[in-house]
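Subject: Structure for your attention

Dear colleague,

I am handing over the structure shown directly below. My notes on it come after, and I would be grateful if you would read the two side by side.

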Amino acid sequence: MATYKDIHGSKIQNVSSDPPTSVAGDLWYNSTSGELKVNLGTPVVAWSTVNSLNQARTSTSGAGTATAAIVVGGYSSTYLADTEVWNGTNWTEVNNLNAARNSTGSAGTSTSTLTFGGFPGGGPPTTQAGATELWNGTNWTEVNDLNTARRTLAGAGASNTAVIAMGGFLPPGTNVVETWNGTNWTEVNDLNTPRYAAAGAGIQTAALLIGGAGGTPLTESWNGSNWTEVNDLNTGREALMGSGVQTSALAYGGATPAGVTEQWNGTNWTEANDLNTARLRAASAGATNTSALASGGVPAPGTPSDVALVEQWSVSGGVSTIDLS
Amino acid sequence: MAKTKQYCVAENWGKGFIEHSESSKIKFAGYPGNVWQIPAHNKNANLWINKVLGTVKTRDEAQAIVDGVVTAEQTAWDALSDEEKTIRLRPSDITLEE
């Protein structure tokens with residue numbers, strides 16, 4: 001059998017650390033990590049289709065990452081309690097919320113989620129929910145309500161014991177912010193600009209609130225104590241999705257235009273490749289600005305059909321490890 | 001003027017329907033009725049249509065499919081209760097680009 005040297009005329013470099021610079025096609029063995037690595041060229045981030053939700057829905061919320069996510073409630077001809085969990089390949093229906101609703105906030109992981117607020121239905125259109133439910137990977141449990149019942153709010157958090165709920169609709173749009181410690185909600189410092197239909201990203205002590213009603217491009221950053229206005233989105237929009245952390249976030253979809261994707265590097269927003277199916281009011285999940293999941297939603301304001309479509313945002317190219325197993 | 005967009009009908013089956021390598025090369029836009037807009041006179045777009053067994057439609061044919069879905073959804077929206085109408089906007093008409 002021909003060896004690598006027979007084919008390429010040189011041996012694979014054996015190095016103790018990855019070279020600081022490399023070009024597409026370079027191959028080396030990192031003796032420290034014990035990994036064979038290759039440069040696959042300039043990294044490209046794009047949306048691709050993955051398996052659809054079992055239940056089409058809009059005005060839903062989600063949490064987790066691009067490979068382990070949860071989608072909670074929503075609306076599709078009726079208020080939904082349906083919950084689905086994503087394992088990176090397929091969606092599985094799991095136990096329902098105790099109270100069906102849409103326009104909730106959600107945060108955490110696919111096995112440790114908090115869902116709060118929303119529009120419970122069954123009452124006048126001004127009715128808001130303060131109800132909070134906690135997901136432990138198997139069941140939903142009702143826990144203490146938000147202090148200020150509201151819907152179309154944003155959430156961020158690493159688990160179901162450390163969450164921040166940002167803004168929302170009372171009516172009108174509010175600047176109220178609350179944090180959850182696993183037992184109770186506590187009101188903390190307000191947003192600078194009241195709003196709803198914004199997107200959240202980050203964790204309880206380091207969050208972002210992005211865009212919102214009226215198509216605002218405003219972005220605010222939370223340091224655990226106060227909100228600071230930071231650089232705006234390039235394209236202001238409402239009912240958009242957000243995910244990631246405070247230093248590496250993604251804002252996608254919304255109205256209008258509904259396909260726009262922007263990457264946040266901790267300082268600025270940069271426009272990136274659009275969603276293949278433009279949409280708003282979908283569930284979001286993701287850990288960084290190169291990894292996310294957009295699930296369900298409605299294709300554009302006033303367009304028909306809640307969708308079950310799911311798209312995954314991922315990167316190809318760059319330096320990759322070759323699996324030798 | 002040469003057209004810059006083309007249309008086809010193809011059902012999105014999920015994983016593998018639009019792959020990362022395709023989405024990073026051409027711009028897709030999905031519309032109701034499984035209508036997809038992709039670039040015209042583009043090798044990568046044509047390869048994708050073949051892959052998904054898409055049925056190529058003229059712009060007017062695609063528009064008729066989208067209109068049919070939108071009209072049905074508008075009729076359904078009109079029959080909703082007032083409360084349900086506060087949840088979602090009435091589906092509006094969509095005009096596809098030439």
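The notes below take chain B, its contacts with chain A, and then chain A itself.

Please bear in mind throughout that this is a predicted model.

Chain B

Chain B is built from four helices and four strands. Their succession along the sequence reads β-α-β-β-α-β-α-α. Along the principal axes, the C-alpha atoms of chain B occupy a box of roughly 50 × 35 × 20 Å. The chain has 98 residues, of which 26% count as buried. If one takes the contacts within chain B between residues at least 6 apart in sequence, 68% of them join residues at least 24 apart.

One residue of chain B may serve as an example. Lys51(B) belongs to helix α2 (residues 43–51) of chain B. Lys51(B) has 14 C-beta neighbours inside 10 Å and therefore counts as partly exposed, given that a residue is called buried from 20 such neighbours upwards and exposed at 12 or fewer. Between Lys51(B) and Val9(B) there are 12 Å in space, C-alpha to C-alpha, and 42 residues in sequence.

Where the two chains meet

On the side of chain B, 27 residues are in contact with chain A, and 27 residues of chain A take part in return. Which elements of chain B give two or more residues to the side that touches chain A? They are α1 (20–23), β2 (29–31), α3 (59–78) and α4 (82–87) of chain B. Sorted by class, this side of chain B comprises eleven nonpolar, nine polar and seven charged residues.

Chain A: domains

Chain A is divided into domain 1, covering 4–39, and domain 2, covering 46–315. The centres of these two domains of chain A, taken over C-alpha atoms, are 41 Å apart.

Chain A: an open four-stranded sheet

Four strands of chain A form an open sheet in the order β5-β6-β7-β8, with antiparallel pairing. Its edge strands are β5 (61–64) and β8 (91–94) of chain A, each of which pairs on one side only. From one strand to the next, the twist averages 25 degrees.

Within this sheet, strand β6 (residues 69–75) of chain A is joined to strand β7 (residues 79–86) of chain A by six bridges, and the two run antiparallel. Opposite Ala69(A) stands Trp86(A) of β7(A). The loop between β6 and β7 of chain A holds Ser77(A). Ser77(A) is not a glycine, yet its phi is positive, at about 70 degrees. Is Ser77(A) buried or partly exposed? Ser77(A) counts as partly exposed because it has 13 C-beta neighbours inside 10 Å.

Chain A: strand β27 and its partners

Strand β27 (residues 310–316) of chain A is mostly covered, with five of its seven residues buried. Strand β4 (residues 44–50) of chain A pairs with β27(A) in the antiparallel sense, over seven bridges. Val50(A) has Val310(A) of β27(A) as its bridge partner. Strand β26 (residues 291–295) of chain A also pairs with β27(A) in the antiparallel sense, here over four bridges. In that pairing, Trp313(A) of β27(A) is the bridge partner of Ala292(A). As a general reminder, strands of a sheet pair through backbone hydrogen bonds, either parallel or antiparallel.

Chain A: backbone features in loops

Two cis peptide bonds deserve a look. Leu170(A) and Pro171(A) are joined by a cis peptide bond with an omega of about 5 degrees. Pro171(A) sits in the loop between β14 (162–166) and β15 (177–180) of chain A. The peptide bond from Thr256(A) to Pro257(A) is likewise cis, with omega near 5 degrees. Pro257(A) is placed in the loop between β22 (248–252) and β23 (261–264) of chain A.

A positive phi also occurs at Thr152(A), where the value is about 50 degrees although the residue is not a glycine. Thr152(A) lies in the loop between β12 (140–143) and β13 (154–159) of chain A. Why does Thr152(A) count as buried? Thr152(A) has 28 C-beta neighbours inside 10 Å, and 20 or more are needed for a residue to be called buried.

With kind regards

Terms used. Residues numbered from 1 in each chain as written. Chains lettered and ligands numbered in written order. Predicted model: local features only at pLDDT ≥ 70, side-chain atom pairs only at ≥ 80, totals over all residues. Contact = placed C-beta atoms within 7 Å. Nonpolar A, V, L, I, M, F, W, Y, C, P; charged D, E, K, R; others polar. Pairing = 2+ DSSP bridges. Domains from an automatic or database assignment. Axes fitted to C-alpha atoms, helices over the stretch in contact; angles between N-to-C directions.
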